[in-house]
Amino acid sequence: MKKQPPAAAAAAGEDLPKVVLCSSAGVTRPAWPADKQKRLKGAADIPIVRLNPFNILDTKRKGEEALRSTGVPYAIVRPTGLNDDWPEGRPIFSQGDIAVGRISRKDAAYVLTRVLGEPHATGKTFEVMALNSYPKAASMSSTLENLVQDEGAGDDDDDDDDDDDDDDDDDDDDDDDDDDGIC
């Protein structure tokens with residue numbers, strides 16, 4: 001569990017999220033075209049998406065868009081179904097708003113607070129659910145590093161960074177980290 005504290009990460013020139021937004025899995029699903037809803041029925045046909053009480057998913061999606069447009073370093077965490085009775089477990093991250101599952105409020109809070117000190121979470125939107133009764137990983141860093149940054153997030157010189165990333169990919173093959181989206 002040796003993790004660089006937020007102050008040390010910031011001193012090392014790593015941008016940390018200044019805002020971590022707790023949104024919700026499913027925020028884009030009400031606007032999915034019919035063919036996508038049919039293709040991903042298991043994700044599209046869940047109660048919160050079918051009911052969308054008070055247009056809450058649309059409101060959360062608009063909140064996400066507003067945060068992205070500010071230019072403030074952010075991370076948007078989209079927990080799946082929050083459940084007080086769900087046992088604690090290991091956070092599992094995904095992107096694309098197709099995650100379906102449960103997470104305890106305690107696990108969601110664990111992720112939200114840890115993301116504040118994770119430079120690899122900056123400029124990213126991701127879903128989180130929990131694999132119950134499975135121990136948490138010592139760090140979320142390597143998993144968050146593999147997630148894709150939101151379009152338009154990050155430096156203005158993304159093209160230069162992409163070239164550098166391609167060069168670094170060979171070095172990543174030597175990592176022994178198990179980066180399967182399970183943290």
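Guide: Two strands are paired here if DSSP finds at least two bridges between them, and strands (E, at least two residues) and helices (H or I, at least four) are DSSP runs numbered from the N terminus. The model is predicted: local features need pLDDT of at least 70, side-chain atom pairs count only at pLDDT 80 or more, and totals for chains, interfaces and linings use all residues. Residues are numbered from 1 along each chain as its sequence is written, and side-chain values use heavy atoms, without hydrogens and water.

Visitor: In E6, which residue is the bridge partner of valine 77?

Guide: Strand E6 covers residues 124–132 and runs parallel to E2, with 5 bridges joining them. Proline 79 has valine 128 as its bridge partner in E6. For valine 77, the partner in E6 is phenylalanine 126.

Visitor: In E2, which residue is the bridge partner of valine 20?

Guide: Strand E1 (residues 19–22) pairs with E2 in the parallel sense over 4 bridges. The partner of valine 20 in E2 is alanine 75.

Visitor: Are the residues of strand E2 buried or exposed?

Guide: Tyr74, Ile76 and Arg78 point one way from E2, and Ala75, Val77 and Pro79 the other way. Because 6 of the 6 residues of E2 (74–79) fall in one class (under 20% relative accessible area, 1.4 Å probe, protein chains only), the strand is largely enclosed by the rest of the structure: they are buried.

Visitor: Which strands stand at the edges of the sheet?

Guide: The open sheet has 4 strands in mixed pairing, in the order E1-E2-E6-E4. Two strands have a single partner each, so one side of each is left without a neighbour in the sheet: E1 and E4 (89–94).

Conventions: Buried means under 20% relative accessible area, exposed over 50%, partly exposed in between (1.4 Å probe, protein chains only).
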